[in-house]
Structures are given as C-alpha cells and as structure tokens.
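Got your viewer open? Let's take a walk through this model, one selection at a time.

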Amino acid sequence: MTRNHNERLATAREVLDGLSVGDALGEAFSYQHYRVREITDFSFYRDGSVIYTDDTEMALGIYDILSLMKGIDEDTVAWAFTARFRRDPDRGYGKMARRILNELADGSGWRDVSPKAFGGGSFGNGAAMRAGPLGGYYADDLPELVQAAAKSARVTHFHPEGIAGAIAVAAATAAAYNARGETEPEAVERVWQTVLDLTPEGEVRRKVRLAREMKDATADTVARELGCGYEISAQDTVPFCLWNACRNLGDYKEAILSTVEVGGDCDTNAAIVGSLAAAYSGAASIPSEWLRIRETLKFKV
Ligand SMILES: [Mg+2]
C-alpha cells in the first residue's frame, strides 16, 4: 500500500491530534495523576485553555517540515525546532533541551552542539515524544521511516538510545496505523513485532522485549520494573508507553487515563500513548470534549 503525500500527511495529522491531546491533558493532570479518573466534568474549561507542552511544540515542528518538504532532513528540523523555541521558549522544555536550543538559536550548528550534550549525546525521551507523526507519515515505507526518525532525533538526541527511542515510537505508531481493520490482539502483535524488527540493539530494545512479555502484569509492576519516565530517559519511558498503549490500543480515552494515573513523565507518556491509540483508532476516537479544551495547534511558524 503506497499513499500520496496528502494521504500520508492526513495520517500524521491524526497522530498529532492524539499526541497533543495526550500531552496537554497529561500535563494538566500530572499533579493529581492518581485521581485523573475522577475528573469527568470538563465543562468549566474554556475552549483551547489546556495548554500543550514541548512534546506537541516539537511534533508540530516535524509536521510542518513534512508538510512543506514531503520529507525531512536534520538541518531543516533543527531550523524548525529553533524557530519555535525562539518564538515560544516556555513550553516546558527540559534543562538540556533549553541549553541545546539556546545554542542553536545563537547560531551554533546542531552537529557541534548535539553530540556534546551530557558528554555523549542526550538519551532523554525528547526524541521519542515527538516521533509519532513520522510513524503516521511513513507507515507505508518502513525503511524510510527508520531513517527519518533517526534524523529527527539526532539534532537534539545524539546518543544511540535517544535515537532508538524515536525509532521505536515511530515504528510502533506506523504499525498501529497499518493494523487498522485488524483485531486489537492482532494489532498489538504487529506493534511489538514491528518495533523489535526496526529498533537497533540496546537498552530501549531490550526493555521493549521485556515489556512484551509482561502481558499479565499490573501497570504499577511494569512501571516499577521498566520505569515510567521519572528519569526522563528514552530507556525508562518508551517500553512502558508501548506496553500501556498495547493494553488499550482501541480505546483512546482509556489509553490516556490508564497512562496518566500511573504518574511519571505524564505529558510525554500520554503524548506517546496518544500517538499510538490515534494511529490505530483514528482521530475520531479522541473524546470531543478533550479536543475542545486542548489549545489550538499553531502550525507553520
Ligand atoms: Mg512536555
């Protein structure tokens, strides 16, 4: 199945809605994550009043480039991230992300800045959190998807684990989209297998393999053994997110609630899980009340 640019972009857009609603709600409820299910009345939230964070801001940067260039390369992605950071630096970027983006905004090249972060490149979860739309766009070309995810990661996350996190999330999102029309158990198998087929060897992949075996575990057990983003690394975020998305692939609302209630890096966890759930179930599966209150997405800086 090959698709034209507009069809690819339409899928990336659905994923972006899943990602951004998860991000915004995950952030808004992170301080009361354990009681997120009790929050059922959203009527007092004004339209667009629940603000999205760096996860969505950077995913928008990637989406813009896909939309304009029908593909991505590192220099253009770095430009998009920098332009967005300059315009709106208060999106909850992590400390290292701010440092990198400030240096890029001051005129340094990503090739000089990114490999030096933490001495060997960042393996934070920031490349994974924004990779979902790439999965939607490149779902019909998995070799190209791996390249695109690596490029999108490298400009800020040069460490192999940071890059592996982005590849894993993009691959999982692509597999979830490709599994539309399959039963949920079939879709889940396709997600795990695609991620293991495409993600390079390393800690992220090792923990994804463990997560796949934890079908009958509770979320708390998985979070305790694999992490749930408290270390904000790709390794302690991506395996948990894939596990939780696979638990509720066909139910966007439940996927987000069951993710946020565990705690950890709530906005990023929900952004990744929301990407997968929307890829499989479509943007129509996102509760309309949640879409209504999410801040309006700002395209093309
Ligand atoms: Mg964030």
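Before the first stop, a word on metal donors: they are N, O and S atoms within 2.8 Å of the metal (3.2 Å for Na, K and Ca), and because water is not among the atoms, sites may look incomplete. You're looking at a predicted model, where local features need pLDDT of at least 70, side-chain atom pairs count only at pLDDT 80 or more, and totals for chains, interfaces and linings use all residues. Residues are numbered from 1 along each chain as its sequence is written, and side-chain values use heavy atoms, with hydrogens and water left out.

**Stop 1: the magnesium ion**

Select the magnesium ion, then add Thr53, Asp54, Asp55 and Asp267. Thr53 coordinates through OG1 and the three Asp residues through OD, at 2.0 to 2.3 Å. Along the sequence, these donor residues follow the spacing T-D-D-x211-D. Asp55 sits in helix α2 (residues 54-69) and Asp267 in helix α15 (residues 266-281), so this pair ties together parts that are 212 residues apart in sequence. (Helices here are DSSP runs of H or I, at least four residues, and strands are runs of E, at least two, numbered from the N terminus.)

Are these two Asp residues buried or exposed? Asp55 is buried at 0% relative accessibility, and Asp267 is buried too, at 9%. Buried means under 20% relative accessible area, exposed means over 50%, and partly exposed is in between (1.4 Å probe, protein chains only).

**Stop 2: Glu57 and Arg84**

Stay in helix α2 and pick Glu57, then Arg84. Their side chains meet in a salt bridge, with N to O at 3.5 Å. A salt bridge is a side-chain nitrogen of Lys or Arg within 4 Å of a carboxyl oxygen of Asp or Glu. Glu57 is in helix α2 and Arg84 in helix α3 (residues 74-87), 27 residues apart. Both Glu57 and Arg84 are buried.

Now widen the selection: Glu57 and Arg84 belong to a salt-bridge network that also links Asp64, Arg87, Asp88, Arg91, Glu295 and Lys298.

**Stop 3: Arg180 and Glu14**

Next, select Arg180 and Glu14, a salt bridge whose closest N and O atoms are 3.4 Å apart. Arg180 is in the loop between α9 (160-178) and α10 (184-198), while Glu14 is in helix α1 (residues 5-28), so they tie together parts 166 residues apart in sequence. Arg180 is partly exposed at 31%, as is Glu14 at 21%.

**Stop 4: Arg206 and Glu203**

Finish with Arg206 and Glu203, whose salt bridge spans 2.8 Å, N to O. They are three residues apart in helix α11 (residues 203-212), so about one helical turn separates them.
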